[in-house]
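The following exercises concern a contact between two chains and an annotated span. Each task is followed by a solution in steps.

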Amino acid sequence: MSFADHVAELSLVDHHVHGAVKGELDRTAFEQLITESDRPVPPWLSTFDSQLGLAIRRYCAPLLGLEPHASPDDYLAARAQQDPNTLLLNAAGVSDYLVDTGYQADAVTGVDELAALSGARAHEVVRLESELEYVAAHESTVSAVPDALLRRLEERTAGAVGLKSIVAYRHGFDFDPTEPSAKEVLAALDRWYSAGADRVTDPVLLRWLLWIGARRGLPLQLHVGFGDTDLNLRTADPLLLTEWLRQVEPLGTQVALLHCYPFHREAGYLAHVFPHVYFDLGLTTMYVGARAAAVIAEGLELAPFGKLLYSSDAFGPAELHYLGAALWRRAVTSVLGGFVEQDDWSAEDAVRVATLWGRDNARRLYRLP
Amino acid sequence: MSFADHVAELSLVDHHVHGAVKGELDRTAFEQLITESDRPVPPWLSTFDSQLGLAIRRYCAPLLGLEPHASPDDYLAARAQQDPNTLLLNAAGVSDYLVDTGYQADAVTGVDELAALSGARAHEVVRLESELEYVAAHESTVSAVPDALLRRLEERTAGAVGLKSIVAYRHGFDFDPTEPSAKEVLAALDRWYSAGADRVTDPVLLRWLLWIGARRGLPLQLHVGFGDTDLNLRTADPLLLTEWLRQVEPLGTQVALLHCYPFHREAGYLAHVFPHVYFDLGLTTMYVGARAAAVIAEGLELAPFGKLLYSSDAFGPAELHYLGAALWRRAVTSVLGGFVEQDDWSAEDAVRVATLWGRDNARRLYRLP
Amino acid sequence: MSFADHVAELSLVDHHVHGAVKGELDRTAFEQLITESDRPVPPWLSTFDSQLGLAIRRYCAPLLGLEPHASPDDYLAARAQQDPNTLLLNAAGVSDYLVDTGYQADAVTGVDELAALSGARAHEVVRLESELEYVAAHESTVSAVPDALLRRLEERTAGAVGLKSIVAYRHGFDFDPTEPSAKEVLAALDRWYSAGADRVTDPVLLRWLLWIGARRGLPLQLHVGFGDTDLNLRTADPLLLTEWLRQVEPLGTQVALLHCYPFHREAGYLAHVFPHVYFDLGLTTMYVGARAAAVIAEGLELAPFGKLLYSSDAFGPAELHYLGAALWRRAVTSVLGGFVEQDDWSAEDAVRVATLWGRDNARRLYRLP
């Protein structure tokens, strides 16, 4: 079997993903879901005019029975007459989805529904910030929150495979790395409750969540780098996590850095020097489209091959669940295949590294069946 | 028509440029103008030994009737016997120059002169810092400065197409993003006048200029990243502008980030998430010479294609006006052509994106005829 | 002679290297020496599963009489039956090693021993921090330290060709760039002596060493970017050195930035604008293995060709001394040869730039015979 065939047939573990959107999408709604910007698309701009837009027209159109590069309107018309979720999810070649249920869960398929639609296994990843917000909504006394949170996490993670933190969005990585004391936590909870206890953005609470997450024993996923308008990308540089990573290392927690662009080389460095750090290129791969191979290759510089993970970070249109996998396969075939062609790697090593990256590292890390 | 032919024949809008130097240039003077360093070139170094130097010898020499790769001395000898400005400006294939007149205007051709020499239209871009310095030189009373500046900008922008700020040079982007109050501005003007009111470097005045610029309705160009010795490159990272971009967004101001290297991926991210942010690779393209395609490709990752602009940022030898265009064409042909060859893009999309990038985005943004 | 042959036969100056390890290495010991991580390699990970590990199996195995891509165990078995140091050092094609003797000198060959084993000339580079620690170990009075240090440096540099600072490891580049006063230095020495005067990490003492180094007249090497677990990579960004570089420039000191990844573009910018700044990609080249050409090409964007240096930064297994050179040759052949093939550079310029980079710039900078 050729290397390209091996990669094409490899069942992937998509270790960080969200649900697929249910129901039809008109052009406005679809365009808004293929950008990380939360701003209305200006009339003179189409989000189809981007690497991701061109990749949808190139790689998804044939799955809907169209020619490659079909126009956006033709594409959306064909999409409306079929069941794109089933079609695209089944074409992704994913055996296991690890589903972050903490973002707009009502707008998309849940864990079981995603499994049913795709024919894959689906496992839950629990978002720490959402759980604290849930507890706050149900607990009127500040002093009861710490215990209630631990109980809630115990319940929620009983069947889960991992935890997730979006401290990058809520504050940035420029936080005090030490574990906050019980007293500091209570004072911060007090402030937060006085202010209405809705969205957690207090750095004391956020780092308390990180430490609680690190102590639970499950792998902890962190959003890093590229994301939506809400982010201050500058403080989503994973190097800002260095001291925190040093401090949680003795706990044995495994930490997965997600997406990482344009700090993927920095993430690769952290995965190189710290045994407990993993990383992926996540939603980067599909957003950069025709540049996926170039970006993925940069992720293959310092990171040990046992630390690479695959994810799509798809949310919404099932095109993203499919393209994450399809563009990863295309890029890995090109980059690792290129290493073989330029006579640096053996074909056996290329197969082995692709398999670690796309499947086996995640299976080991998350203890999947 | 092939894609390469299309790009070769595309009339470009060079949306950020300076004048061409008049008169002969000896080797010392020429070498000093093909580097961003303001230091004397050490005797053991030649600035021809750089990507830009090799590009001049490769691509400009044939225009002067020499073989490609002519020696620097042969090149300068041939140059002295011809009219390099007319020759090189006409070969650039630029229909419109947007000229920043705020930097050493006396040393180079003015707006009209550049138009006459090149046969292109030329439009002015007004540099904010220079206008404040002009006002200070003509206004003895601090309290009169704010009104005088507004009047001056009204006059100066009557026929202009854009504004420019060099806050990156004068202070860096690590400034308070909020609009300063009238009282703060007067206090800062007071301090500045007491110190002689020459070069504006006060962060209050610089951000006041940015806010005034943002309120004028014209597109606002910002120097970002790579530049001369004067710069602290670390504080020229466009991500430091994030909060300021958020605050001016409601004004409707369009912001163009110039050059951006090595933060062009960061700039692409800002152009992705913020509807009012554009960017170019400006003087980077010619300075990296044989690497232009590689760098330009990185700029094509996250940025929507409706946000890409072309500029040379040429100042001085008309070689730079020519090479900016010539290397951009070469790189775009290679990169977008490569996307078509690797079967990711259609040829039609490549033509369309090249045309947006080289011409149509700038026409729309600056409302050019 | 083809360009590839020229590069293959070019005698290199390895301007920053350490000794080779003596005696046999079992798999655990060998694996620990082919990573920059100081942590024990977890049982589920092998450091052979990395770009460097694959490069060893690909390029060193044939030198030991094995097929390319031999398994790690076969490789280490063959290694144990030969004299790998003599074999690999002789294959490196290095005429001069500039040896940093300040790191674990007892564990590896000294300057003369490296020369004897390799048949190359070897010269010493003196590490500033080690010398201050030596002086502190021999001098009981704080007030005597400044003079004792100067005397010690005078002695130690009598036959040396350069100095080295590891302020990146001990503190980071976010230090006050000004020269500390004698009074500040004495106060810092007092604090340090009270605390036991072992490892220098006090920023006042570290920058005092930098200034003393800058005043000695010898080229000063600075560790920059990628290194071991001890580092905070974020403060090893060379742009943080900008103001210090400005302040020492009038002294005439030449500064060489080592390794630099992932800040090699930033380093190239500094080499572009400051006449006294040089840089190399050092240990990056071999650690990124099959990506060496891609990374090296990025280093060839802004840096003047008279500022590029070659080093391996090898420490320990002689595989690293060999691979530094072998992968540099392979990458330079591919990148510069590519510039020629794409018709941007002449073959003559490629040969000239490769020779400057691999040999002549270092000869001039360090005044080698």
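A salt bridge is counted here when a side-chain nitrogen of Lys or Arg lies within 4 Å of a carboxyl oxygen of Asp or Glu. The model is predicted.

**Exercise 1.** Determine whether C:Arg39 and A:Glu249 form a salt bridge, and place the pair among the polar links between chain C and chain A.

*Solution.* The closest N and O atoms of C:Arg39 and A:Glu249 are 2.7 Å apart. The cut-off is 4 Å, and the pair is accordingly listed as a salt bridge. Between chain C and chain A there are eight salt bridges in total. The residue pairs in polar contact, with both residues at pLDDT 80 or more, number 22.

**Exercise 2.** Describe the side of chain C that touches chain A by its helices and its residue classes.

*Solution.* Begin with the helices: α3 (51-60) and α15 (292-299) of chain C each supply at least two residues to this side. Of the contributing elements, α3(C) gives the most, with five residues. Next, sort the residues by class: 16 are nonpolar, nine polar and eleven charged.

**Exercise 3.** State the extent of the contact between chain C and chain A in residues and in buried area.

*Solution.* Chain C provides 36 residues and chain A provides 34 residues. The buried area between the two chains is about 3200 Å². Carbon and sulfur atoms give 53% of that area.

**Exercise 4.** Characterise the span of chain A that UniProt lists as "domain: Amidohydrolase-related".

*Solution.* The unreviewed UniProt entry assigns this name to residues 147-368 of chain A. In the model, the span is 51% helix and 9% strand. Its end C-alpha atoms lie 29 Å apart.

Note on methods: Residues are numbered from 1 along each chain as its sequence is written. Chains are lettered from A and ligands numbered from 1 in the order in which they are written. This is a predicted model: local features need pLDDT of at least 70, side-chain atom pairs count only at pLDDT 80 or more; totals for chains, interfaces and linings use all residues. Side-chain values use heavy atoms; hydrogens and water are left out. Contact means heavy atoms within 4.5 Å. Buried area is the accessible area (1.4 Å probe) that two parts lose on being put together, summed over both. A polar contact is a pair of N or O atoms within 3.5 Å; within protein, one must be able to donate a hydrogen and the other to accept it, and residues adjacent in sequence count only if both atoms are side-chain atoms. Helices (H or I, at least four residues) and strands (E, at least two) are DSSP runs, numbered from the N terminus. Ala, Val, Leu, Ile, Met, Phe, Trp, Tyr, Cys and Pro count as nonpolar, Asp, Glu, Lys and Arg as charged, and the others, Gly among them, as polar. UniProt positions are given in the numbering used here, feature names are shortened, and annotations may be inferred rather than shown by experiment.
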